[in-house]
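Student: I would like to go through this model with the ligand and the charged side chains in mind. Where should we begin?

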Amino acid sequence: MALSSCPPLSRRFILLAALGGATLGGAALAGVAPGHAADTPAALPRIGIIGAGQVGGTLGRLWAGAGYSVMFSSRHPDELGQIVAAAGPNARAGTVEQAIAFGDVILLAVPYHAEPGIAHEHGAALAGKVLIDADNAYPFRDGAVAREAQAEGVARYSARLFAGTRFVRAFNSVNASSLADGGGGDTEVIYSYTDNAAGAIVAALIKATGSIPVRGHDL
Ligand SMILES: NC(=O)c1ccc[n+]([C@@H]2O[C@H](COP(=O)([O-])OP(=O)(O)OC[C@H]3O[C@@H](n4cnc5c(N)ncnc54)[C@H](OP(=O)(O)O)[C@@H]3O)[C@@H](O)[C@H]2O)c1
């Protein structure tokens with residue numbers, strides 16, 4: 001995507017990341033740009049959420065509460081009013097397409113069997129974005145695609161489905177209810193990534209939920 005076609009906030013975030021801010025363990029995301037005085041605010045990445053159920057709804061509310069701008073989406077965006085209201089003024093709802101366009105970071109929190117369709121329909125729009133995949137693959141729920149993913153390794157299978165994104169697998173290993181109160185400071189969230197800068201961004205987002213990022217296997 002050409003930088004000139006990004007919204008101003010996204011543009012600032014991309015420039016910051018390009019300068020290395022996003023690789024500094026989230027320092028830039030905490031509001032301090034590297035090489036700048038602490039009173040120089042840096043843009044937080046905007047977050048688009050695909051799937052506003054237990055995982056998407058919970059994480060979106062926590063991130064909105066931490067100051068991130070969030071757009072929830074599902075196949076029925078007109079039904080997300082309560083979730084948006086609960087998340088407060090930093091949250092809004094839209095279509096999946098709108099959430100992808102909105103976010104610098106996209107959270108995928110849908111039943112695993114929806115992944116191939118979303119990759120097919122939105123792969124081009126997702127290219128270059130940080131994609132957090134929270135989905136688990138269960139054959140009893142998700143059918144053949146879950147069996148294929150388990151045979152290959154679910155993270156690798158999804159990373160391949162969403163090739164072109166800056167893919168990070170995270171939040172799969174924790175129950176949404178253990179994050180619901182903003183974390184007690186002791187919930188460990190494993191994250192695995194294909195891109196160091198994307199990993200640092202997601203580590204900061206895990207901390208923003210009140211949890212502890214724990215690096216998983218390389219993808
Ligand atoms: N619940 C947990 O504690 C937990 C923990 C770790 C991982 N996970 C995994 O995270 C994923 C989400 O779990 P969840 O418990 O949050 O599920 P959920 O409560 O059932 O929510 C799923 C959401 O996905 C939306 N959705 C379904 N198909 C979609 C599609 N094709 N495009 C866009 N949105 C779609 C649904 O809304 P519409 O029907 O309106 O589209 C709904 O908002 C699953 O893969 C699950 O295994 C869950």
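Tutor: Begin with the shell of residues around the ligand, bearing in mind that the model is predicted. The shell includes 8 polar and 3 charged residues. The nonpolar residues in that shell number 15.

Student: How many residues surround the ligand, and which are the closest?

Tutor: The shell around the ligand has 26 residues. The closest are Val55, Arg75, His76, Val110 and Ala176.

Student: Which side chain has an N or O atom 2.7 Å from an oxygen atom of the ligand?

Tutor: Two contacts with ligand oxygen atoms come from the backbone: a polar atom of Gln54 at 3.0 Å, and an N or O atom of Asn136 at 3.2 Å. The contact at 2.7 Å comes from a side chain, that of Arg75.

Student: What share of the ligand's area does the protein bury?

Tutor: The ligand taken alone exposes 890 Å². Of that area, the protein buries 80%.

Student: Now the charged side chains. How many salt bridges does the structure hold?

Tutor: A pair counts if a side-chain nitrogen of Lys or Arg is within 4 Å of a carboxyl oxygen of Asp or Glu. Among the pairs that qualify are Glu152 with Arg160 at 2.6 Å and Arg215 with Asp218 at 2.5 Å. The total is 5.

Student: In the salt bridge between Asp142 and Arg141, which residue is buried?

Tutor: The two side chains meet at 3.1 Å, N to O. Arg141 has a relative accessible area of 38%, so Arg141 is partly exposed. Buried means under 20%, and at 5% the residue that counts as buried is Asp142.

Student: Are Arg215 and Asp218 buried or partly exposed?

Tutor: The limits for this class are 20% and 50% relative accessible area. Arg215 is at 47% and Asp218 is at 49%. Because these values lie between the limits, Arg215 and Asp218 are both partly exposed.

Student: Why does Asp104 have no salt bridge?

Tutor: Asp104 sits in the loop between helix H4 (96–102) and strand S4 (105–108), and Asp104 is buried. A salt bridge requires a nitrogen-to-oxygen distance within 4 Å. The nearest side chain of opposite charge is too far away for that, because Arg46 lies at 5.0 Å.

Student: Which backbone atom lies 2.7 Å from a polar atom of the Asp104 side chain?

Tutor: The side chain of Arg46 is 5.0 Å from Asp104, but the backbone of that residue also has to be checked. The atom at 2.7 Å from the Asp104 side chain is the backbone nitrogen of Arg46.

Conventions:
Residues numbered from 1 in each chain as written. Predicted model: local features only at pLDDT ≥ 70, side-chain atom pairs only at ≥ 80, totals over all residues. Heavy atoms only, no water. Helix = DSSP H or I, 4+ residues; strand = E, 2+ residues; numbered from the N terminus. Buried < 20%, exposed > 50% of the residue type's maximum accessible area, 1.4 Å probe, protein only. Lys, Arg positive; Asp, Glu negative; His and termini not counted. Polar contact = N/O pair within 3.5 Å; in protein donor to acceptor, adjacent residues only side chain to side chain. Near = heavy atom within 4 Å. Areas by Shrake-Rupley, 256 points an atom, 1.4 Å probe, with all protein chains shown as cover. Nonpolar A, V, L, I, M, F, W, Y, C, P; charged D, E, K, R; others polar.
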